[in-house]
Amino acid sequence: MEQRLSLITLGVADLGRSRDFYRQLGWQGQEVEQTVFFQAGGLAVVLWARQSLAEDAGVEDRGAGGFAGVALAHNVRERAEVDQLMAAAARAGAKVTQPARDTSYGGYAGYFTDPDGHLWEIAWNPGFPIAADGTITIPDFGTT
């Protein structure tokens, strides 16, 4: 398997509410057959009903709540953008779970959850420069 992601699908309780939340953050997407597709750099973020996603995957939907062990991250080019995006997310209805703070790696980051509890990190990491198209390249840490 090639080392890449194509889509990240978020199971949501209310498609309209989640679509509106991401639109308030400035995301532009297309709604097709009860899903919403957002182009996010070289991949797509998809919103789809939790129950439909669980059925499609052949798993039981145990409901939202609790930490799922996954965090989505949005890296920014400037430190000040972290505070700006955290504030925009809060205005859109996000729950701030960790206000922005200095990190152990010399960056600055905070966390929030979207209306369905999906955890997002907003981070400025001076060691991960961002290309014009929004992609990052993992630096060579000198390890294998």
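User: What share of the 144 residues in the protein chain is buried?

Analyst: First, keep in mind that this is a predicted model. A residue is called buried when its relative accessible area is under 20%. Here, buried residues make up 29% of the 144 residues.

User: Okay, and how many helices and strands does the protein chain have?

Analyst: Three helices and eight strands. Reading from the N terminus, the order goes β-α-β-β-β-α-β-α-β-β-β. The radius of gyration is 16 Å, close to the 15 Å from the globule rule for 144 residues, so the chain is as compact as a globular protein of that length. If you like box dimensions, the C-alpha trace spans about 40 × 40 × 30 Å along its principal axes.

User: Which residues have the most contacts inside the largest nonpolar core?

Analyst: General idea first: in soluble globular proteins, nonpolar side chains tend to be buried together. In this model, the largest nonpolar core has 20 residues, and the ones with the most contacts inside it are Leu10, Phe21, Tyr22, Leu47, Val82, Phe112 and Ile122. Several elements supply at least two core residues each, among them β1 (7–12), α1 (15–24), β4 (43–49) and β8 (119–124). The element that gives the most is α3, with four residues.

User: Can we zoom in on one of them? What is leucine 47 in contact with, leaving aside its neighbours within four places in sequence?

Analyst: Sure! Its partners include Leu10, Val12, Leu15, Tyr22, Val36 and Phe38. Some other names on the list are Ser18, Arg19, Gln34 and Thr35. For the chain as a whole, take the contacts between residues at least 6 apart in sequence: 49% of these join residues at least 24 apart.

User: Now the pockets. What is the volume of the largest pocket?

Analyst: For a pocket, look at its volume, then at what lines it. The largest pocket has a volume of about 1000 Å³. Of its 31 lining residues, Ala40, Ala73, His74, Asn75 and Gly134 are the closest to the centre. Strand β5 provides the largest share of this lining, five residues. Sorted by class, the lining has 18 nonpolar, nine polar and four charged residues.

User: And which residues are closest to the centre of the second largest pocket?

Analyst: Those are Arg50, Ala68, Asp116, Gly117 and His118, out of 26 lining residues. Both β1 and α2 (50–57) give two or more residues to that lining. About 650 Å³ of space lies in this pocket, and its lining divides into twelve nonpolar, nine polar and five charged residues.

Technical notes: Residues are numbered from 1 along each chain as its sequence is written. This is a predicted model: local features need pLDDT of at least 70, side-chain atom pairs count only at pLDDT 80 or more; totals for chains, interfaces and linings use all residues. Side-chain values use heavy atoms; hydrogens and water are left out. A nonpolar core is a set of buried Ala, Val, Leu, Ile, Met, Phe, Trp, Tyr and Cys residues joined through side-chain atoms within 4.5 Å. Buried means under 20% relative accessible area, exposed over 50%, partly exposed in between (1.4 Å probe, protein chains only). Contact means heavy atoms within 4.5 Å. On a 1 Å grid over the protein atoms alone, a cavity is a set of points where a 1.4 Å probe fits but cannot get out, and a pocket is an open set with protein on both sides within 12 Å along at least five of seven lines; lining residues have an atom within 4 Å of a point. Grid points are joined across faces, edges and corners, and a volume is the space filled by probe spheres set on the points. Ala, Val, Leu, Ile, Met, Phe, Trp, Tyr, Cys and Pro count as nonpolar, Asp, Glu, Lys and Arg as charged, and the others, Gly among them, as polar. The radius of gyration is taken over C-alpha atoms; the globule rule is 2.2 Å times the number of residues to the power 0.38.
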